2 protein chains.
Amino acid sequence: MSKRYDQYCPVCHALGLVGERWALLVVRELLRGPKRYTDLLEGMPGVGTNVLAARLRELEQGGIVRKRKLPPPAASTVYELTEYGQELEEPLYALARWGARTLGPPGKGDDLYPDWGLNAFAALLNTEAARGVEETYVMRIGDDVYTVQLSDGQVHVESGAVDDADLDAAMGMATFYGMASGELEPRTALEEGRVELFAGKRVNLERFFSIFSFAARDQVTA
Amino acid sequence: MSKRYDQYCPVCHALGLVGERWALLVVRELLRGPKRYTDLLEGMPGVGTNVLAARLRELEQGGIVRKRKLPPPAASTVYELTEYGQELEEPLYALARWGARTLGPPGKGDDLYPDWGLNAFAALLNTEAARGVEETYVMRIGDDVYTVQLSDGQVHVESGAVDDADLDAAMGMATFYGMASGELEPRTALEEGRVELFAGKRVNLERFFSIFSFAARDQVTA
DNA sequence: CGGAATCCTCTTCGATACTG
DNA sequence: CAGTATCGAAGAGGATTCCG
């Protein structure tokens, strides 16, 4: 059984469900779809198989994660978030934005986890600025390529590029981080040649980073 | 030193700062103002003095908490949140709302922590519904009385009542929880005599709980 | 009396090895 | 592939003690 805080309080209750070490990382891994036990192990370096098993058991008891067996051809068991588990997206992204403010750009030895962008763009989305915007962007960051679609106030992200994007830009990770954090002006980055723009520049970088950032969020929400 | 997750990721970084046991409860305690070491101990039953001291040290190193000495008359040291620590309000409240959905109304043996409402109303605030609203409410819940002022999209809560409220209502905790969660219709609660309305009923309960709730939040944010 | 450091026991973690 | 079993190391919780 997981440790509890003996106090009647929503925060205590929430922490009783997902407050233990590794628990929220399991949620992060599952936010973008079901995964197998082994994939989870791989996505969370250092976890230790027994601890992962224990967390999954606790999360399952808490109604956050569900175990499911895939039909025969690929008869493996996967873990997925329940509806209640999916609702952790907002709190988790809020925490991620907060953390990103002091994270700093990645160094060369830092390992990004695969498909980091799938969560990143969703987390950075400024819902107020995105209202009514119907656009598609291709962002090529380091070795990763993402297509970000904005429609009806919702964001949809997937790996890879599409042809008819309103903006198609390539840059390094540190450059992206700088602009998303507000420390680096898109104009400056362009002048210094740190960003390369491809076909379909109907939308400029300023606009993109006014919608996706973790710096402006405070002013906007406040 | 606190345990870390060896992965370059905002969530990992955030959890490295406030992911350890008791850390977020310290933040909860300090959100509404500075507190002394002993007050913290009291507000977090079960913490153990060494663990609290360790957490405070780690939070101080992380730039989340600051230690300050009060001037001579009451020469005691207090702990307070830094600006960066204050920015945890959004993530923490998001987590609290999520937790509240499965918390259920309090039983008789459950101890509410003192001044729970100061955080609760701020956490439940639906910013979209509050836009442009300039009103003051007095909520008498169980033995606690709070004045909730809405102005300029911001909420201000304090203990006690004022005279010129737009709504002044008294109810039990379970009734309040039911209405805030959306499980209990204010109309029904009134018919059953579970809510008592006092002078100044210019605003009805429906309106109040359309602004303060954790049930409707998902539809609104989505 | 407020603000801790110390000591002790117990649980949990992380790593490796092993099994259906 | 999907875990369980085991073991040393680290951390939590509780009580006591110390310092200003």
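Me: How do β1(B) and strand β3 of chain B pair, and over how many bridges?
Reply: In this predicted model, β1(B) and β3 (residues 77-81) of chain B pair in the antiparallel sense, over two bridges.

Me: And which residue is the bridge partner of B:R36 in β3(B)?
Reply: That is B:V78.

Me: What's the strand order in the open sheet of chain B?
Reply: Three strands form the sheet, in the order β1-β3-β2, with antiparallel pairing. β1 (35-36) and β2 (65-69) of chain B are the edge strands, and each pairs on one side only.

Me: Which helix packs on that sheet?
Reply: Helix α2 (residues 23-30) of chain B, which touches β1, β2 and β3 of chain B. The direction of α2 makes about 100 degrees with that of β3(B).

Me: Switching to the DNA. How many residues surround strand C?
Reply: 19 residues surround DNA strand C, and the closest are A:R21, A:W22, A:N50, A:R55 and B:Y79. Of the atoms of DNA strand C that come within 4 Å of the protein, 68% belong to sugar and phosphate.

Me: Which atom of B:T77 lies 2.9 Å from a phosphate oxygen there?
Reply: A backbone N or O atom of B:T77. For B:R57 an N or O atom in the side chain is 3.1 Å from a phosphate oxygen of DNA strand C.

Me: What turn lays chain A on chain B?
Reply: A turn of 180 degrees, with a shift of 0.0 Å along the axis and an RMSD of 0.1 Å. The two copies are therefore related as by a two-fold rotation axis.

Me: Which C-alpha of chain A is nearest the axis?
Reply: The one of A:P91, 2.8 Å from the axis.

Conventions:
Residues numbered from 1 in each chain as written. Chains lettered and ligands numbered in written order. Predicted model: local features only at pLDDT ≥ 70, side-chain atom pairs only at ≥ 80, totals over all residues. Heavy atoms only, no water. Pairing = 2+ DSSP bridges. Helix = DSSP H or I, 4+ residues; strand = E, 2+ residues; numbered from the N terminus. Contact = heavy atoms within 4.5 Å. Axes fitted to C-alpha atoms, helices over the stretch in contact; angles between N-to-C directions. Least-squares fit on C-alpha atoms with pLDDT ≥ 70 in both. Near = heavy atom within 4 Å. Polar contact = N/O pair within 3.5 Å; in protein donor to acceptor, adjacent residues only side chain to side chain.
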